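Biologist: I have a predicted model open in front of me, and I would like a close look at a single part of it. Could you walk me through what you see there, and then take me on to the place where the chains meet?

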Amino acid sequence: MTGRAVGTFAVLAVFAAAAVAQPPPRIVVGAKKFTENALLAELMAQVLETHAGAAVERRLNLAGTQVCFDALRRGDIDVYAEYTGTGLRTILGDERPPGPPAAVFAAVSDAFRDRWELVWLAPFGFDNTYVLMMTPARAAALGVTRLSDLAAPPLRYGMSHEFLERPDGMPGLRHAYALNEARTVGMEHDLTYQALADGAIDIADGYSTDAKILAFGLLPLTDDRRFFPPYEAAPLARADLFTRVPRAAAALRLLAGRLDAATMRRLNFAVEGDRRAPAEVATAFLRELGLSTREATAERRATTLAGTLWQRRGETLRLTGQHLLLTGAAVLAAVGIGLPLGIAVSRRPRLAALALAGAGVLQTIPSIALLAFMLPLFGIGVAPAIAALFLYGLLPILRNTVAGLRSVDAQLIEVGRGLGMSAGDLLRRVELPLAAPVILAGVRTAAVITVGTATLAAFIGAGGLGDPIVTGLSVSDVNLILSGALPAAALAVTVDLVLHGVERWATPRGLRDP
Amino acid sequence: MIAFEAVRKVFGDGHVALHALTLTVRAGSTLALLGPSGCGKTTTLKLINRLLTPTAGCVRLAGRDIADLDPIALRRGMGWVVQEAGLFPHLTARANVEVVPRLLGWTAGRRRARAEALLALVGLDATAYAERYPAQLSGGQRQRVGLARALAADPAVLLMDEPFGALDPPTRRRLQDEFRALQARLGKTVVLVTHDVEEAFLLADHVAVLHDGRLEQYGTPADLRAAPASPFVAEFLGGRAVARA
């Protein structure tokens, strides 16, 4: 073949390949906002990329079981990691005494398939159940290794608030093991580890795969009467994922039984203690298993605030862009609706009172709850976040539009009418220009509120500067939290200053202070 | 030119502002509506440009019931001067004068020429004052701009509500004299509301004295001085007329 013929052949081959090749199937993987769930999501995402040829989108940091589960049912996500005990107790509401792990798995599998066409795949291989934990020294001194040993010595219990209340927590446990409590206090969970180490309490509740058990060298006690239901972690997926991407099932099954509790604790510790990124920890572990040929970087999260800010500079810039998009769209929508609505009701006192009361009620709904209310309507992601932020921005704009228009001197309005202005002329030439400073002050308030509230949008998968805040909370990394909080605060101040400038610029010159 | 025919005005709260007012303003003449506050004179003025609507009776302009006219067109054809000028604070002196021409859709060049001519007519140097905002003008200057604004579209009728009331006496006197000279040149039909007897006698061809919504007397200043129609008119004119003498 001549060189030209080879070239022609190569060009044709590329065209043919392009014609045959289809775009990779898209799969969305979700995760609840804690380290272990994010790690499991990364593991699933990476095997789906490597072994099912999928383009995977990650929706991590979702607010909790309810948000994840609803997103799955709606089809906003295709798969996430769930725990069988949570499926049984929280989602199905089954309070009966649980059977062995296999029976619980079978029960949730059948129920989820029949009710929602959702599929539980083979579990990852560990049971992340509740544990009670002590320091090894204290346990050895008292001769305690199992929960049934707790009937004898009077101990000081420091328990998380949720555990104190749940029927499958302290109330049931007391009954099952006849605990001898010298004193029991409710505590913030993250503080119980230090309290144990300091000897302020003897015993605390935790999760069996919690990295902090390792970090603090604590001893988990055996649940020898099988009081706690099994919480086996497994991929929970939509059935239609497997008809759409048949290779997905086999890919996810590669992870079945590959993570025991000790392994999961080790991976959690790599993120929380060793400050490595979940994606890198997942890649390194898949290499260990021979499931990935990717090279994992050993990069760790910086330990200082300055280091964290520098390390994340590119990411921060991207998240700031997302944040501005969310707030910009929400404020524009709030102006688009609030301004005409304010104009329409400003001369009708009763309607105005009604509209302001309505917007006021919206304002009193806690932001995280308002975001949650948007989920059934819009699913997860950017749309519900913009909708919720829009509702927050509405009140200041509506209120200031009404107040601004009402503050216009009645004599000037009469003069305008007397000169032959129509209602539209009056609005355009007299009322709006004179009310502009007050209306713009409302827009400014709305924008600043929205920039602040948008940090919560990360909980429903909308991204923005809330992302590092949520992740930082779950891995107890203050610098990571600040790497989201500081830019968000700076953004709020900047928006405030810029809009203050706009306000001054839009104030008619004749009304400005000399 | 302007005729009130048995016009009655009752406000929503039941207050009767005018009882069956019948009155004519001749084209090109100046009528002063004179009386103490609350007598119905401002109500009468606002009935002419339909800022208020008669409860009974009608107001005619050149023979036509103004209720049949488009209120916006009607108002654009009448100049309107109010107490303390009522200038729009967010507009410059020039833009205030250009309000009605702008509503009428005049071109920028025509508006500009008109505004400058009018500012000159009322004694304001356009280069010095046209771009000033009301807050940067004295009370007298504001009132001049207010007058220029009312004259902008060259209306046949000029309605003036206590136009010089808020000014200090020397400024008021000067503006009154200037207005009289201006009116002699322009020949508008003017209805002037005032509680100031001096002002009414100085500026008006005819004076209508109102009291509690009723017309007490109508006549030329000379008629009123010579023969007050009622003790009220005699007392009202007397107290103030002495001050002038």
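Modeller: Happy to! Let's start with A:Val502, which counts as partly exposed because its relative accessibility is 32%, a value between the 20% limit for buried and the 50% limit for exposed. A:Val502 sits in helix H23 of chain A, a helix that covers residues 478–506. On the surface, A:Val502 joins A:Val498 and A:Trp505 in a nonpolar patch of about 330 Å².

Now to the contact between the chains. Chain A brings 20 residues to it and chain B brings 21. The size of an interface is often given as the accessible area lost when the parts come together. Here chain A and chain B bury about 1,900 Å² between them, with 64% of that on carbon and sulfur atoms. On the chain B side, the residues that lose the most area to chain A are B:Phe88, B:His90 and B:Leu103, which together make up 29% of what that side buries.

There is polar chemistry to look at as well. Across this interface there are 2 salt bridges, and one of the pairs in a salt bridge is A:Glu414 with B:Lys46, whose side chains meet at 2.9 Å, N to O. The interface also holds 4 residue pairs in polar contact, with both residues at pLDDT 80 or more. As for the helices, H2 (71–76) and H4 (99–103) of chain B each give at least two residues to the side that touches chain A. H4(B) supplies the largest share of that side, 4 residues.

Definitions and conventions: Residues numbered from 1 in each chain as written. Chains lettered and ligands numbered in written order. Predicted model: local features only at pLDDT ≥ 70, side-chain atom pairs only at ≥ 80, totals over all residues. Heavy atoms only, no water. Patch = residues over 30% accessible without salt bridge, like charges linked within 9 Å, V, L, I, M, F, W, Y side chains within 5 Å. Areas by Shrake-Rupley, 256 points an atom, 1.4 Å probe, with all protein chains shown as cover. Salt bridge = Lys/Arg side-chain N within 4 Å of Asp/Glu carboxyl O. Buried < 20%, exposed > 50% of the residue type's maximum accessible area, 1.4 Å probe, protein only. Contact = heavy atoms within 4.5 Å. Buried area = accessible area lost by both parts, 1.4 Å probe. Polar contact = N/O pair within 3.5 Å; in protein donor to acceptor, adjacent residues only side chain to side chain.
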